[in-house]
Amino acid sequence: VDQAYKVFEDMKRKHREPDEYTYTIMIRMTGKIGKPDESLILFNEMITRDCNPNLIAYNTMIQALANGRMVDKVILLFSKMVERDCRPNEFTYSVILNVLAAEGQLGKLDEIMELSKKYMNKSIYAYLVRTLSKLGHTSEAHRLFCNMWSFHERGDRDACMSMLETLCSKGKTAEAMDLLDKIHEKGIDPNTVMYNTVFSALGKLKQISHLHDLYQKMKQDGPSPDVFTYNILIASFGRAGKVNEAIKVFEELENSNCKPDIISYNSLINCLGKNGNLDEAHMRFKEMQEKGFSPDVVTYSTLIECFGKTDKVEMACRLFDKMLAEGCAPNIVTYNILLDCLERSGRTAEAVDLYAKLKQQGLTPDSITYAVLERLQSGSHRKVRTRRQNPITGWVQGLCLHPVAAAGT
């Protein structure tokens, strides 16, 4: 930095006039080392020397001030930038948005938008909506989205998708469904991913009537459901105890252009087992094998838990042994389920042996493992006790209800 300054001063002494590029380099350098006041001196010097700052120069100076958390000076410089007819770009708004969010002053975003209203097009609105959504500022993002909706005839697909994801993540399903219903008004055809996003949110909140109505609308108006749609619906109906509806959706999947995958079977088995239809769950387990699907750790863990909860301990143990024989490695959740099953049935010695096997496999016990061990040591073998939901239940349903996670799997 010191050497750069020496070259810069030597340049001026030898009557080689710095231009806007020279000053921009110096401003960037001083901004990066945390000296925004020096950056501002250089910027003002550039103005007095009749250099005309371009977009890069303004952005560099705004970033230097933002790094110094100088919100008021950022806004003042932005206003000067707009006065000089220098059009802000997405980077400009990004820097300003981030410093406003960091300083808890997002209310000043209205001032920024008013200053640059002649430049506020659909693309900028969409960018701000996406960025605010990613930063977790749902209300601000929704307000901006509504402004964009009011002022522009055509919508932006990415902005709509970001808004849907944000509303759903915050449990605002009524607003999400309303957006999905009206999106065609802005020239955007809702796609399957949009529907899946809303289905997932409705399923997590057990809003089954809305889920059912939206599914009927999708089948009537399009787009076509995909395998992720069916998986979300099966898991959602299962979570709400609507076994017949889950089976019906599974059968629709079998008769559609899509075909069930392992997540489809896991969702149905989980639904049947957790709602007391253990025989049919076991039948579906055999069916998936007949159709060429290899049960995974989720399949086995779900069935082991279901058998364990109905005191069919021998069957749970046989499934665990079959799992090992098939080369499917149990995880800590599987061990916890079987440990809990053995402890509750009073089979202390087997539980201790299973814990030893868990350690031999190099798995790390978690809080649930230690809770079961504590009960073993206390000699408490009550058949009825208040128990936290086994993590496998949340894992299976969470995976099936989240379209992105399911797609990744």
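Just after helix α19, G327 takes a positive phi of about 80°; helices here are DSSP runs of H or I at least four residues long, strands are E runs of at least two, and numbering goes from the N terminus. The model is a predicted one, so to speak of local features a pLDDT of at least 70 is needed, side-chain atom pairs count only at pLDDT 80 or more, and totals for chains, interfaces and linings use all residues. Residues are numbered from 1 along each chain as its sequence is written, and side-chain values use heavy atoms, with hydrogens and water left out.

Back to α19 itself. This helix covers residues 313–325, and its 13 residues should span 18 Å at 1.5 Å a residue, the expected span being 1.5 Å times one less than the number of residues. The end C-alpha atoms are indeed 18 Å apart, which agrees. The buried residues of α19 are V313, M315, A316, C317, L319, F320 and M323, where buried means under 20% relative accessible area, exposed means over 50%, and partly exposed is in between (1.4 Å probe, protein chains only). Their cover includes α17, α18 (297–309), α20 (332–344) and α21 (348–360).

On the annotation side, an unreviewed UniProt entry lists "repeat: PPR" at residues 19–53, 54–88, 156–190, 191–225, 226–260, 261–295, 296–330 and 331–365. UniProt positions are given in the numbering used here, feature names are shortened, and annotations may be inferred rather than shown by experiment. Two of the listed spans can be put next to the coordinates. Residues 296–330 are 74% helix and 0% strand, with end C-alpha atoms 9 Å apart. For residues 191–225 the figures are 77% helix and 0% strand, and the end C-alpha atoms are again 9 Å apart. The unreviewed entry in UniProt also places "domain: PROP1-like PPR" at residues 2–119. That stretch is 71% helix and 0% strand, and its end C-alpha atoms are 39 Å apart.

Next come the charged pairs. Side chains of opposite charge can pair when their charged atoms come close. Taking a salt bridge as a side-chain nitrogen of Lys or Arg within 4 Å of a carboxyl oxygen of Asp or Glu, the count comes to 31. One of them joins D221 and K217, at 3.3 Å from N to O. These two residues sit four apart in helix α13 (residues 208–221), so about one helical turn separates them. D221 is partly exposed, with a relative accessible area of 48%, and K217 is also partly exposed, at 26%.

Helix α17 (residues 278–290) holds another pair. There R284 and E287 are three residues apart, again separated by about one helical turn, and their side chains meet in a salt bridge at 3.3 Å, N to O. Both R284 and E287 are buried. E287 has a second partner in K291, the closest N and O atoms being 4.0 Å apart, and the relative accessible area of E287 is 17%. Elsewhere, salt bridges that share partners join E9, K12, E17, E45 and R49 into one network.

As for empty space, rolling a probe the size of a water molecule over the atoms shows where it is left. The second largest pocket holds about 190 Å³. A pocket is found on a 1 Å grid over the protein atoms alone, as an open set of points where a 1.4 Å probe fits, with protein on both sides within 12 Å along at least five of seven lines; lining residues have an atom within 4 Å of a point. Grid points are joined across faces, edges and corners, and the volume is the space filled by probe spheres set on the points. The lining consists of L40, F43, N44, I47, Y58, L65, K73, L76, L77, K80 and R84. Helices α3 (36–48), α4 (55–67) and α5 (71–83) are the elements that give two or more residues to it.

A few single positions round things off. I124, in helix α8 (residues 122–134), is buried at 7% relative accessible area. Leaving aside neighbours within four places in sequence, I124 is in contact (heavy atoms within 4.5 Å) with E90, Y93 and Y119. S162 belongs to helix α10 (residues 157–169) and is buried at 11%; with the neighbours within four places left out, S162 is in contact with R130 and S133. C146, in helix α9 (residues 138–151), is partly exposed at 34%.
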